[in-house]
2 protein chains.
Amino acid sequence: MSDFTRPGGTRAIARDAVRARISEVAVDLFDEHGFDNVTVEQIAAAVGVSPRSVHRYFPAKEDTVIGDPAGWGEHVRDQLVARPSDEPIWDALLASYEALLATPGRNETQGKKAMRVLGTTPALRARNLEKHLLWARMLTPVVTERLDGDDRTLRAETIVQASLACFDIALTTWAEANSSDSALELLRRSFGALQPTA
Amino acid sequence: MSDFTRPGGTRAIARDAVRARISEVAVDLFDEHGFDNVTVEQIAAAVGVSPRSVHRYFPAKEDTVIGDPAGWGEHVRDQLVARPSDEPIWDALLASYEALLATPGRNETQGKKAMRVLGTTPALRARNLEKHLLWARMLTPVVTERLDGDDRTLRAETIVQASLACFDIALTTWAEANSSDSALELLRRSFGALQPTA
DNA sequence: GCCAAAAGTGGCAGAGACTGACAGATTAGA
DNA sequence: TCTAATCTGTCAGTCTCTGCCACTTTTGGC
């Protein structure tokens, strides 16, 4: 086993499992009663842990829905770095987001429910936007390097934020019940709306 | 004087003055000590009112910096509606934001300080982006009407959010100390970053 | 299998944001 | 001047979130 042991080991597995369980229960409760009508104490009771432990896994109540922003942000950034440098920036960004959507670890039903809850509560939307700001800080330097000419930073920030808006709109639309399109398809269309001439 | 009396009268004037005063004091304190290191109680004491009254004027502590989102959003929407219908959508949006920046009522120094504070605290940035979501809900229907073809709503949402991102980036960059460009100029450049072919 | 070190957990106390209810003060308008 | 609407402060309370300490469980070396 020792050659198999990675930083963390079984402990990390247990931790991830508890974390996922809390998130699942919380989203279910929020979906049924509304975010503001569910207390951390109730979530803790439903899971079978103390309120103190819930706050240990998630710094803020909102994070039970959002998850770990930094992790996925790094994922997108790594994808972007790996794209060929002569590829148009918008194509590279689209491909990077697509890779994130294709990640197998994501539970479709649970993810959709989380997005739905997210859309109904201002506090959650705000926290989600904070995640986007974190992503933007990671992606902007990479995009800046791909640009030429004046105002590289300003233009990079604009492009990154606009692409994140596309990503957000695609997922939000996808979470709505009547939408039969895949998130991937919606993402492509949203990107297309910013490049009418391409 | 009676012919001068508008709905609200002197009471509304006093109310607006108190509101402005609280906001001003709060921003100053945040700028000096950091948003998280200033309590509502301290703001109240500095102004000379009770903490309860601060919460009466501003539902959340963050709102002391952000101000009234709905009002300015309506302003932008009205501007947009007034634009000629054959004008390209991006030009119309740019002109609408420019009109907002040109509004005389805005205090330059205080506004810049508020934007600076806003940029240093994630919670504030997020709350500010929530304001943008409110604006988006107002602007999207107007933009949708100007579009033809498929996916009008999705495309309208994308365009509106992207333009709001430009607006945010322009103001944030403008608030940074080393920037000598006007907010208007930055806004134009940010818009330009999304239309390389135009 | 045993034992120290590390990590996880729960309970407690407390700060801080925010809300509802009530009573007193202030002001607008008849 | 008088009445009614409005404003304000005080109080009590809920909820989120954090540090602290004691206790239990797990890990890794012997």
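**Protein surface at DNA strand D and the relation between chains A and B**

By class, the surface near DNA strand D is made up of 7 charged, 6 nonpolar and 5 polar residues, as computed from a predicted model. Among the 18 residues around this strand, those that come nearest are A:Thr10, A:Arg52 and A:Lys61 from chain A, together with B:Ser53 and B:Arg56 from chain B. When the atoms of DNA strand D within 4 Å of the protein are sorted by type, 58% belong to sugar or phosphate, and the rest belong to bases.

Individual polar contacts involve both bases and phosphate. The side chain of A:Arg52 places an N or O atom 2.7 Å from a base oxygen of DNA strand D, and a polar side-chain atom of B:Arg56 is found 2.5 Å from a base nitrogen of that strand. For A:Pro59, by contrast, a backbone N or O atom is involved, lying 3.4 Å from a phosphate oxygen of DNA strand D. The elements that contribute two or more residues to the surface near DNA strand D are helix H1 (10-33) and helix H3 (51-57) of chain A, along with helix H3 (51-57) of chain B. Of this surface, H3(B) supplies the largest share, with 4 residues.

Chain A is superposed on chain B, with an RMSD of 0.2 Å, by a rotation of 180 degrees accompanied by a shift of 0.3 Å along the rotation axis, and the two chains are therefore related as by a two-fold axis. Both copies use the same surface, in that 100% of the contact residues of chain A recur in chain B.

Conventions: Residues are numbered from 1 along each chain as its sequence is written. Chains are lettered from A and ligands numbered from 1 in the order in which they are written. This is a predicted model: local features need pLDDT of at least 70, side-chain atom pairs count only at pLDDT 80 or more; totals for chains, interfaces and linings use all residues. Side-chain values use heavy atoms; hydrogens and water are left out. A residue is near a molecule or strand if one of its heavy atoms lies within 4 Å of it. A polar contact is a pair of N or O atoms within 3.5 Å; within protein, one must be able to donate a hydrogen and the other to accept it, and residues adjacent in sequence count only if both atoms are side-chain atoms. Ala, Val, Leu, Ile, Met, Phe, Trp, Tyr, Cys and Pro count as nonpolar, Asp, Glu, Lys and Arg as charged, and the others, Gly among them, as polar. Copies are superposed by least squares on the C-alpha atoms of residues with pLDDT of at least 70 in both. Contact means heavy atoms within 4.5 Å.
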